[in-house]
Amino acid sequence: MLQPRVLSLCHVLVLVLCLCKAEDFQWTKNKHGSFYYGTFPAGFSWGVGSSAYQTEGAWDKDGKGLSIWDTFTHKKGKVHRNETGDSSCEGYYKVKDDIGLLKDLKVNHYRFSISWPRIMPTGIKSDYVNEKGIEYYNDLINSLVASKITPIVTLYHWDLPQVLQEKHDGWQNISMVNYFSDYANLCFEKFGDRVKYWVTFDNPWSIAVEGYETGEHAPGLKLKGTGAYKVAHHIIKAHSKVWHTYDNQWRNKQNGLIGISLTSNWGEPVDITNQKDTEAAERYVHFELGWFANPIYNGDYPRVMKEYVDRKSAEQGLGKSRLPTFSSQEKSYIRGTCDFLGIGHFTSRYITQKNFPINRGISYHTDRDLAELVDPYWPDPGSEWLYAVPWGFRRLLNFVKTQYGNPRIYVTENGVSEKQHCVELCDEWRIQYLKDYINEMMKAIKDGVNVKGYTAWSLLDKFEWDEGYSERFGLYYVDFRNKNKPRYPKASVQFYKKIISSNGFPNQREVENWHRKSTEACSTTNQLLAADPLITHMEMVTEIVVPTVCTLCILLSAILLMFLLRRQN
Ligand SMILES: *[C@@H]1O[C@H](CO)[C@@H](O)[C@H](O)[C@H]1NC(C)=O
Ligand SMILES: *[C@@H]1O[C@H](CO)[C@@H](O)[C@H](O)[C@H]1NC(C)=O
């Protein structure tokens with residue numbers, strides 16, 4: 001995953017505080033309460049997702065090469081508590097267990113990614129292919145197919161082979177296009193007889209901005225105002241080349257579909273009556289989603305993006321824009337290279353116009369001339385960036401429909417985290433989040449948006465990039481302190497299963513029943529936790545209970561002390 005993160009959270013907070021003072025602004029004007037009961041179209045595909053580096057572990061086993069994430073996490077100070085994905089969920093060794101979870105959920109599809117360096121250790125096909133890696137993915141795919149679960153396979157979920165970064169500058173170098181195409185071609189050859197849904201890239205926005213602009217992600221480069229644009233340019237070319245390869249060489253034989261997965265927030269104008277704000281909000285979505293979707297569907301970067309980056313580059317005195325351009329040949333080559341659009345979505349922002357003069361620094365973020373805000377009343381269940389704003393999902397989906405000609409959509413990521421200290425399996429906020437977001441998706445389908453499937457993010461708690469293990473997105477809880485990495489169902493598993501088996505929300509009485517039953521199941525799953533690895537449970541209990549008791553004692557002493565002092569006065 002993860003996710004468009006606001007560059008300067010402080011900025012957001014400050015703005016929130018400022019805006020709170022403006023009394024004429026109605027934060028609640030966008031509360032859309034009504035819940036829609038009904039079912040999804042027949043054949044709607046329900047699934048869950050994961051990615052290789054976040055779950056597989058086995059980072060140096062069976063001939064796997066290093067990825068930029070192996071290198072990045074092994075440097076100190078890059079990731080929360082210096083954590084790594086070295087072993088993570090040990091998914092590499094637990095295919096059977098995890099297929100069991102998928103069967104229990106009764107999902108129609110499972111989205112996972114292939115680790116490029118696991119099957120091509122240097123990233124270059126002519127160097128060598130690692131048969132053990134091929135074997136692992138064959139085994140996974142065969143088990144899925146045998147269980148009647150459709151694999152949706154992502155080719156690139158951020159783990160570039162380290163050699164390509166070191167020797168060729170990674171995505172900054174146009175040569176990645178051919179290396180990636182060779183790799184994709186091998187995947188079609190080896191797995192395409194069984195895999196019918198391919199996703200070239202997951203969240204290229206994050207690859208470009210967090211990897212090469214802010215440096216929060218691997219490879220950790222801070223090339224403000226230039227790196228992200230260049231990288232995105234090459235990724236778009238790589239995507240379209242691989243689509244053409246599939247279309248020319250494999251589609252006849254294999255009959256699959258190939259798309260890309262774009263992750264985007266929704267941006268809502270702070271003041272809907274102010275044209276500057278509505279333009280800024282639209283610009284926000286164009287800079288995030290349109291940056292990739294517009295070339296792929298309409299042949300070029302969004303007009304507004306070119307206008308802003310070109311103007312800022314000129315103000316800087318640059319001879320040419322920091323935003324690269326496509327030749328007309330390239331435009332027609334890139335246009336239409338998507339059989340379906342994968343959409344990742346987690347949260348929304350309010351947007352207002354804000355000028356950033358170029359003498360205050362150059363960056364992708366300041367190029368947009370806008371500020372992002374959050375409503376203090378939005379629930380923020382776990383991650384500091386992830387506020388639950390279900391109605392934003394419907395708006396984003398409608399934006400896709402109108403801007404890109406109503407394409408076939410698969411929601412490839414949607415979900416919510418909790419912070420590590422909430423170890424309970426009673427994830428009511430996740431139930432609420434999934435219920436409301438899935439309902440808004442249903443409304444979007446009623447609006448005519450062509451959504452074909454939904455992927456809850458994610459199957460398991462896993463390595464959450466720069467946040468390490470401190471944020472948990474799983475439907476299943478993973479005990480990372482236990483070497484065996486046991487998985488336990490959270491309450492949301494029961495609830496999601498009901499949505500899947502009913503293909504939607506049949507009626508109020510039933511949905512309320514599910515809610516009650518899922519949270520009832522909390523106590524049973526806790527019993528399971530107590531009954532099975534007892535020691536682990538004891539550890540967990542002491543970890544929660546001891547600090548809580550200590551805190552309470554201190555609080556009580558303080559109150560007592562105050563009381564005594566007062567009496568003495
Ligand atoms: C991470 O590594 C750095 C550098 O060695 C060290 O200063 C820091 O204390 C480490 N953090 C944790 C939580 O271990
Ligand atoms: C880009 O890659 C090519 C071939 O892979 C290599 O010859 C060239 O040196 C690379 N350029 C940079 C700037 O690393």
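## A three-stranded sheet and its surroundings

Strand 9 (residues 348–353) and strand 10 run antiparallel and are joined by 4 bridges. The model described here is predicted. One pair of residues shows how the two strands meet: Ile351 has Glu372 of strand 10 as its bridge partner. As a rule, the strands of a sheet pair through backbone hydrogen bonds, and the pairing is either parallel or antiparallel.

Strand 9 and strand 10 belong to an open sheet of 3 strands, whose order is 7-9-10 and whose pairing is mixed. Which strands stand at the edges? They are strand 7 (266–269) and strand 10 (370–373). Each of these has a single partner strand, so one side of each is left without a neighbour in the sheet. On average, neighbouring strands of this sheet are turned by 40° against each other, direction ignored.

Two helices can be described together with this sheet. Helix 11 (residues 275–298) packs on the sheet and touches strand 7, strand 9 and strand 10. The direction of helix 11 makes about 130° with that of strand 9. Helix 15 (residues 390–403) lies across strand 7 and strand 9, and runs at about 100° to strand 7.

Helix 15 can be followed in more detail. How many residues does helix 15 have? The number is 14, and the helix reaches 21 Å from its first C-alpha to its last. This is close to the 20 Å expected at 1.5 Å a residue. The buried residues of helix 15 include Trp391, Phe393, Leu396, Leu397, Phe399 and Val400. Pro390 and Gly392 are also among the buried residues of this helix. After helix 15 comes Gly405, which has a positive phi near 75°.

A positive phi also appears in two residues other than glycine, Ala58 and Ser88. Ala58 is in the loop between helix 2 (52–55) and helix 3 (68–74), and Ser88 is in the loop between helix 3 and helix 4 (95–105). Are these residues buried or exposed? Ala58 is buried, because its relative accessible area of 3% is under the 20% cut-off. Ser88 also counts as buried, because its relative accessibility is 0%.

Two cis peptide bonds are listed below with their omega values.

| Residues joined | Omega |
|---|---|
| Ala218 and Pro219 | about 0° |
| Trp457 and Ser458 | about 10° |

Where in the chain do Pro219 and Ser458 lie? Pro219 is in the loop between helix 9 (204–212) and helix 10 (227–254). Ser458 is in the loop between strand 13 (451–457) and strand 14 (471–472).

The last residue in this report is Glu413, which an unreviewed UniProt entry annotates as "active site". Glu413 is part of strand 11 (residues 409–414). With a relative accessibility of 0%, Glu413 counts as buried, because buried means under 20%. What joins the side chains of Glu413 and Arg111? A polar contact of 3.2 Å joins them.

Key:
Residues numbered from 1 in each chain as written. Chains lettered and ligands numbered in written order. Predicted model: local features only at pLDDT ≥ 70, side-chain atom pairs only at ≥ 80, totals over all residues. Heavy atoms only, no water. UniProt positions renumbered as here; feature names shortened; annotations may be inferred. Buried < 20%, exposed > 50% of the residue type's maximum accessible area, 1.4 Å probe, protein only. Polar contact = N/O pair within 3.5 Å; in protein donor to acceptor, adjacent residues only side chain to side chain. Pairing = 2+ DSSP bridges. Axes fitted to C-alpha atoms, helices over the stretch in contact; angles between N-to-C directions. Contact = heavy atoms within 4.5 Å. Expected span 1.5 Å × (residues − 1).
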